[in-house]
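Please take a moment to look over the sequence and the model, and then follow the paragraphs below, which go from single residues to the whole chain.

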Amino acid sequence: MLVLFYILGGYLIVTLIGDKYQVSSQVFSIHILSLPIVFIGVLSSKMLVIEGMQVLSMYRNLFGLIINVLLNAILIGTHGVVGAAVASLMSYLCAYVVFDFLSPKLSNHFKLKMSMFLVRWNSYAK
């Protein structure tokens, strides 16, 4: 379904609301790519609360916030609203994947996330 929306999203937006909104179709496609990362991140945040690691959840979100602000400062000036969408996608990826990879306390969370994408993490890390 996600792939279908990614492929047809631009066509549907232009068809339904006109060529005037062509740029929004690019933004829509970028945000579609962020959905799996956000869904897994929200689930992971709930797991951290259950495990009593709320502080790590806060630091992870703060890390994503800082990345988002920095990337927005760089990308909006050169790419406009598409740059903002890319900045959001990259900050979600940094917060919910990279932070878990870098944090020793969250290595199990990282491995679980990678297993959701059918990546055999055990063959890469010991």
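A residue is called buried when its relative accessible area is under 20%, exposed when that value is over 50%, and partly exposed in between. Phenylalanine 99 has a relative accessible area of 15%, and therefore it is buried. Phenylalanine 63, by contrast, has a relative accessibility of 26%, so this residue counts as partly exposed. Keep in mind throughout that the model is a predicted one.

These two phenylalanines also belong together in another way, for the structure holds two aromatic pairs. In the pair made by phenylalanine 63 and phenylalanine 99, the ring centres lie 5.7 Å apart and the planes meet at 45°, which is why the pair is described as tilted.

With these residues in mind, we can turn to the overall layout. The protein chain has four helices and zero strands, and read from the N terminus its elements follow the order α-α-α-α. Along its principal axes, the C-alpha trace of the protein chain spans about 50 × 30 × 25 Å. Of the 126 residues in the protein chain, 37% count as buried, while the area that the protein chain exposes comes to about 8,200 Å², with carbon and sulfur atoms supplying 72% of it. If we take the contacts in the protein chain between residues at least 6 apart in sequence, 59% of them join residues that are at least 24 apart.

Which residues make up the largest nonpolar core? There are eight of them, namely Val27, Ile30, Ile37, Val82, Ala85, Leu89, Ala95 and Tyr96. Helix α2, covering residues 22-50, and helix α3, covering residues 54-102, each supply at least two residues of this core, and α3 gives the most, with five residues. Isoleucine 37 serves as an example of a core member: when its neighbours within four places in sequence are left aside, isoleucine 37 is in contact with Leu89, Tyr92, Leu93 and Tyr96. A second, separate core has five residues, and Leu48, Leu56, Phe99 and Leu106 are among them, so that the phenylalanine 99 described as buried above appears here again as a core residue.

Not every buried residue has a nonpolar side chain, and asparagine 72, which lies in helix α3, is a case to consider. Is asparagine 72 buried or exposed? Its relative accessibility is 19%, and because the cut-off for buried is under 20%, asparagine 72 counts as buried. Apart from its neighbours within four places in sequence, asparagine 72 is in contact with Gly83, Ala84 and Ala87.

Charged residues bring us to the last part of the picture. Side chains of opposite charge can pair when their charged atoms come close. The structure holds two salt bridges. In one of them, arginine 60 is joined to aspartate 100, with 3.2 Å between the closest N and O atoms; arginine 60 has a relative accessible area of 0% and is therefore buried, and aspartate 100, also with a value of 0%, is buried too. Aspartate 100 forms a salt bridge with lysine 113 as well, at 2.3 Å from N to O. Because lysine 113 lies in helix α4 (residues 107-116) and aspartate 100 in helix α3, this pair ties together parts that are 13 residues apart in sequence. Lysine 113 and aspartate 100 are both buried, and Arg60, Asp100 and Lys113 are linked in a network of salt bridges.

Methods. Residues are numbered from 1 along each chain as its sequence is written. This is a predicted model: local features need pLDDT of at least 70, side-chain atom pairs count only at pLDDT 80 or more; totals for chains, interfaces and linings use all residues. Side-chain values use heavy atoms; hydrogens and water are left out. A nonpolar core is a set of buried Ala, Val, Leu, Ile, Met, Phe, Trp, Tyr and Cys residues joined through side-chain atoms within 4.5 Å. Buried means under 20% relative accessible area, exposed over 50%, partly exposed in between (1.4 Å probe, protein chains only). Contact means heavy atoms within 4.5 Å. Accessible areas come from the Shrake-Rupley method with a 1.4 Å probe; for residues, only the protein chains shown count as cover. Rings of Phe, Tyr and Trp (its six-membered ring) pair if their centres lie within 6.5 Å; planes under 30 degrees apart count as stacked, over 60 as edge-to-face and the rest as tilted. A salt bridge is a side-chain nitrogen of Lys or Arg within 4 Å of a carboxyl oxygen of Asp or Glu.
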